[in-house]
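Reader: I spend my days at the bench, and I would like to learn how to read a protein model. Could you walk me through one, feature by feature?

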Amino acid sequence: MKNTRSFLALTFLACLCPVTSLPAPTEIDVRGEVVIGQVKPIPVSMSGFSGEVAQVLQFDLYVMGFTFTGPEAAQYLISGSNNGNVQGRLTDPHNQSTKLSKAYSGASARHQAHAFADDIVFAITGKKGIAGTMIAFKNDTGPTSEIFVSDFDGFGPQQVTKDNTIVAAPCWAPGKLALYYTSYKRGNPDIYYHDLSSRERHPIASYSGLNSSAAVSPDGRRVAMILSKSGSPDVYICDADGSNLKQLTKTREDESSPCWSADGQWVCFAAKIGERRALYKVPASGGPPQRIPTAGVGSPTEPDWSPDNKWIVFTAMRGNGFDICVVPAQGGEVTKLVSGEDPSWAPNSRTVVYARRQGDRRVLSVLDVLTKQFKDVSRISGSSSQPSWAR
């Protein structure tokens, strides 16, 4: 792959050189009681930035729970310049304090802006931002599809596969420049492991029938997947290299879309019973599946368990469309967020990337779950879907 830019600068933060910086604050609770979808965004005012840097900061902060207003109504003031390098300052006008003052160098202006946005989020909330992260996704161009990776905002897409066939369901290996995905390259839907640095790949599941929906455990040591080698699609797990295969479900139903709890103890999946789907979880060590209630929503599918272990985001069917919904990990009352499908959590357990339909194609969007603010990511030709957020 040409121009990998260390694969879209996963390591660019290491090249950013602070000139001045205040000590990192302790975690601040700026919101009080948190109600999913009903949190008010933090009002900020921004001045001094122009062009691409201003656009990047506005995008990043908006999808991490901020809104932009005039100085008189702002809770925080963001100021600085981008003449050559980005220099930024964050102040609290109410107590006349400086929360952050920093200059950036050693990377593109775009990546400096991403780093400043993340520093702003940490200075205000005490939590890490997601502006320096990446996503993977499937892109359809006619009858074939390929896997791409990009910055989380869709900038700088890089094509990973050149299979000229059907590929699907990319999933990041935690902490690595590597993906798992399904490809029909050899005529059968097989699961591959693909090292993005070396470009080497090999199949880890190529059994007769369906091999799909790879999901890597948080520690990177195990992979959950859907195989039909026993006759119907069931949930299996194996080691990261495909060895030590173990079957977790043995049903006549159609299981799909496995994902892991943050502690690696459970695998959540969707199962079709009769004409309706429901969410279930099964112990990774083996045992009977347990239903996860999704009150008020029928036919849930495509679940993803948040990295903080608190929430499950999923797709719900709605007439001729789909909604992105979230439910407590133990089940309960469902909150509908936006129209869309294929949700995937960011490392901050707050932001979600998903696909939404636009005419006869799909585009990717990034959603702040707490405020319901969302923006489309940069687009490439074709139809993009099945995003996976690197963690």
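Author: We will go from the whole chain to single residues. Please keep in mind that this is a predicted model.

Reader: Happy to. How many helices and strands does the protein have?

Author: There are three helices and 31 strands. The C-alpha trace spans about 65 × 45 × 40 Å along its principal axes.

Reader: What does the radius of gyration say about the overall shape?

Author: The idea is to compare the value with that of a compact globule of equal length. For 391 residues such a globule would have a radius of gyration near 21 Å, and the protein has 21 Å, so the two agree.

Reader: And what share of the residues counts as buried?

Author: Of the 391 residues, 53% count as buried. The accessible surface comes to about 16700 Å², and carbon and sulfur atoms account for 48% of that.

Reader: Which contacts tell me about links between parts far apart in sequence?

Author: Take the contacts between residues at least 6 apart in sequence; here 45% of them join residues at least 24 apart.

Reader: How many positive and negative side chains are there, and how far apart are the centres of the two sets?

Author: The protein has 40 positive and 36 negative side chains, with the centres of the two sets 1 Å apart.

Reader: Now a single residue, please. Where does D190 lie, and is D190 buried or exposed?

Author: For one residue, I look at the element, then the accessibility, then the partners. D190 belongs to strand β11, which covers residues 190-195. Its relative accessible area is 3%, and the cut-off for buried is under 20%, so D190 is buried.

Reader: Which side chains make polar contacts with the side chain of D190?

Author: One is the side chain of N188, at 2.9 Å. Another is the side chain of N211, at 3.4 Å. Setting aside residues up to four places away in sequence, D190 touches Y181, T182, S183, A205, S206, Y207 and N211. N211 therefore appears both among these touching residues and as a polar partner of D190.

Reader: What does M225 look like by the same steps?

Author: M225 lies in strand β14, residues 222-227. At 0% relative accessibility, M225 counts as buried. Beyond its neighbours up to four places away, M225 touches a list of residues including I191, I204, A205, V235 and Y236.

Reader: How far apart are the C-alpha atoms of M225 and S257?

Author: They are separated by 7.8 Å, with their positions 32 residues apart along the chain. P258 is also among the residues that M225 touches.

Reader: Let us turn to loops. Is G242 buried or exposed?

Author: A loop residue can be checked in just that way. G242 is found in the loop between β15 (234-239) and β16 (246-247), and with a relative accessible area of 14% G242 is buried. Leaving aside neighbours within four places, G242 is in contact with I204 and Y207. Y207 is also touched by D190, and I204 by M225.

Reader: What about S299?

Author: S299 sits in the loop between β21 (294-295) and β22. At 11% relative accessibility, S299 counts as buried. Its contacts beyond four places in sequence are R276, R277, T315, A316 and M317.

Reader: And is K310 buried or exposed?

Author: K310 is exposed, with a relative accessible area of 53%. K310 lies in the loop between β22 (300-305) and β23 (311-318). Outside its neighbours up to four places away, K310 touches V327, P328 and A329.

Reader: How do I use T351 as a reference point for distances?

Author: Set sequence separation beside C-alpha distance. K310 and T351 are 41 residues apart along the chain and separated by 14 Å. G242 and T351 are 109 residues apart in sequence and 31 Å apart in space.

Reader: One last feature: why would I look at the sign of phi?

Author: Most residues other than glycine have a negative phi, so a positive value is worth a look. In N309, phi is near 75 degrees. N309 lies in the loop between β22 and β23 and is partly exposed, at 26% relative accessible area. K372 has a positive phi too, of about 70 degrees. K372 lies in the loop between β29 (361-368) and β30 (373-376), and at 32% relative accessibility K372 counts as partly exposed.

Notes:
Residues are numbered from 1 along each chain as its sequence is written. This is a predicted model: local features need pLDDT of at least 70, side-chain atom pairs count only at pLDDT 80 or more; totals for chains, interfaces and linings use all residues. Side-chain values use heavy atoms; hydrogens and water are left out. Helices (H or I, at least four residues) and strands (E, at least two) are DSSP runs, numbered from the N terminus. Buried means under 20% relative accessible area, exposed over 50%, partly exposed in between (1.4 Å probe, protein chains only). A polar contact is a pair of N or O atoms within 3.5 Å; within protein, one must be able to donate a hydrogen and the other to accept it, and residues adjacent in sequence count only if both atoms are side-chain atoms. Contact means heavy atoms within 4.5 Å. The radius of gyration is taken over C-alpha atoms; the globule rule is 2.2 Å times the number of residues to the power 0.38. Accessible areas come from the Shrake-Rupley method with a 1.4 Å probe; for residues, only the protein chains shown count as cover. Lys and Arg count as positive and Asp and Glu as negative; His and the chain ends are not counted. The place of a charge is taken as NZ of Lys, CZ of Arg, CG of Asp or CD of Glu.
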